[in-house]
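Visitor: I'm new to this one and don't quite know where to look. Please pick a single part, take me through it slowly, and show me how it fits with the rest.

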Amino acid sequence: PHQLPPLVHSKEAERLGLGVSLLQRLSEAHGDISVVELRTQYRMADELAKFSNVLSYSGKLRAATAEVANRTLIAPVPAPTDFPEWLRVATDPMRRVVFLDTSSVGAAAFEREGAKPDNEYERG
């Protein structure tokens, strides 16, 4: 199955097998009869889903409705002119998908073993 693995911080939990998803366990135990490939998705516009569709679904994934396929996020107000260029690009409603190059951030963009998250929502 094409699925992100569980995020396991504990070496003990990893050793006990918690790094293997339930879907992977079912697939390994029961083969193809336990897994059905996703063909319809209900969340992403086609342009956003295209990346995973090509990589993981061989182009077979379809949006459930035209409304889903054409979804777009529109900011309630235009980006102020004093926004940095990358932020204006990222919030431009005419751009359906934006990949941001974070390479200039350097090592700060990567999590470090034992480091606490800087994001208050990840800290819990």
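Guide: One bit of vocabulary to start: a residue counts as exposed when its relative accessible area is over 50%, and as buried when that value is under 20%. Keep in mind, too, that this is a predicted model.

Let's take S58 as our part. You'll find S58 in the loop between α3 and β2, the strand at 62–63. S58 has a relative accessibility of 60%, over the 50% mark, so it counts as exposed. Its backbone has a quirk as well: phi of S58 is near 50°, a positive value in a residue that isn't glycine.

Now for another serine in a loop. S21 lies between α1 (11–15) and α2 (22–30). Its relative accessible area is 10%, and because that is under 20%, S21 is buried. What does the side chain of S21 reach? It gets to the backbone nitrogen of Q24, at 3.0 Å. Set aside the neighbours within four places in sequence, and S21 is in contact with Q3 and P6.

Back to α3, the helix on one side of the S58 loop. Helix α3 covers residues 46–57 and gives the most to the lining of the second largest pocket, with three residues. About 410 Å³ of space lies in that pocket. Of the 20 residues lining it, T72, L73, R95, R96 and V97 are the closest to its centre. What kinds of residue make up the lining? Twelve are nonpolar, six are charged and two are polar.

Finally, step back to see where all this sits. The protein has six helices and two strands, and along the sequence they follow the pattern α-α-β-α-β-α-α-α. Of its 124 residues, 12% count as buried, and S21 is one of the buried residues. The protein exposes about 10800 Å², with carbon and sulfur atoms supplying 58% of that. As for contacts between residues at least 6 apart in sequence, 26% join residues at least 24 apart.

Technical notes: Residues are numbered from 1 along each chain as its sequence is written. This is a predicted model: local features need pLDDT of at least 70, side-chain atom pairs count only at pLDDT 80 or more; totals for chains, interfaces and linings use all residues. Side-chain values use heavy atoms; hydrogens and water are left out. Helices (H or I, at least four residues) and strands (E, at least two) are DSSP runs, numbered from the N terminus. Buried means under 20% relative accessible area, exposed over 50%, partly exposed in between (1.4 Å probe, protein chains only). Contact means heavy atoms within 4.5 Å. Accessible areas come from the Shrake-Rupley method with a 1.4 Å probe; for residues, only the protein chains shown count as cover. On a 1 Å grid over the protein atoms alone, a cavity is a set of points where a 1.4 Å probe fits but cannot get out, and a pocket is an open set with protein on both sides within 12 Å along at least five of seven lines; lining residues have an atom within 4 Å of a point. Grid points are joined across faces, edges and corners, and a volume is the space filled by probe spheres set on the points. Ala, Val, Leu, Ile, Met, Phe, Trp, Tyr, Cys and Pro count as nonpolar, Asp, Glu, Lys and Arg as charged, and the others, Gly among them, as polar. A polar contact is a pair of N or O atoms within 3.5 Å; within protein, one must be able to donate a hydrogen and the other to accept it, and residues adjacent in sequence count only if both atoms are side-chain atoms.
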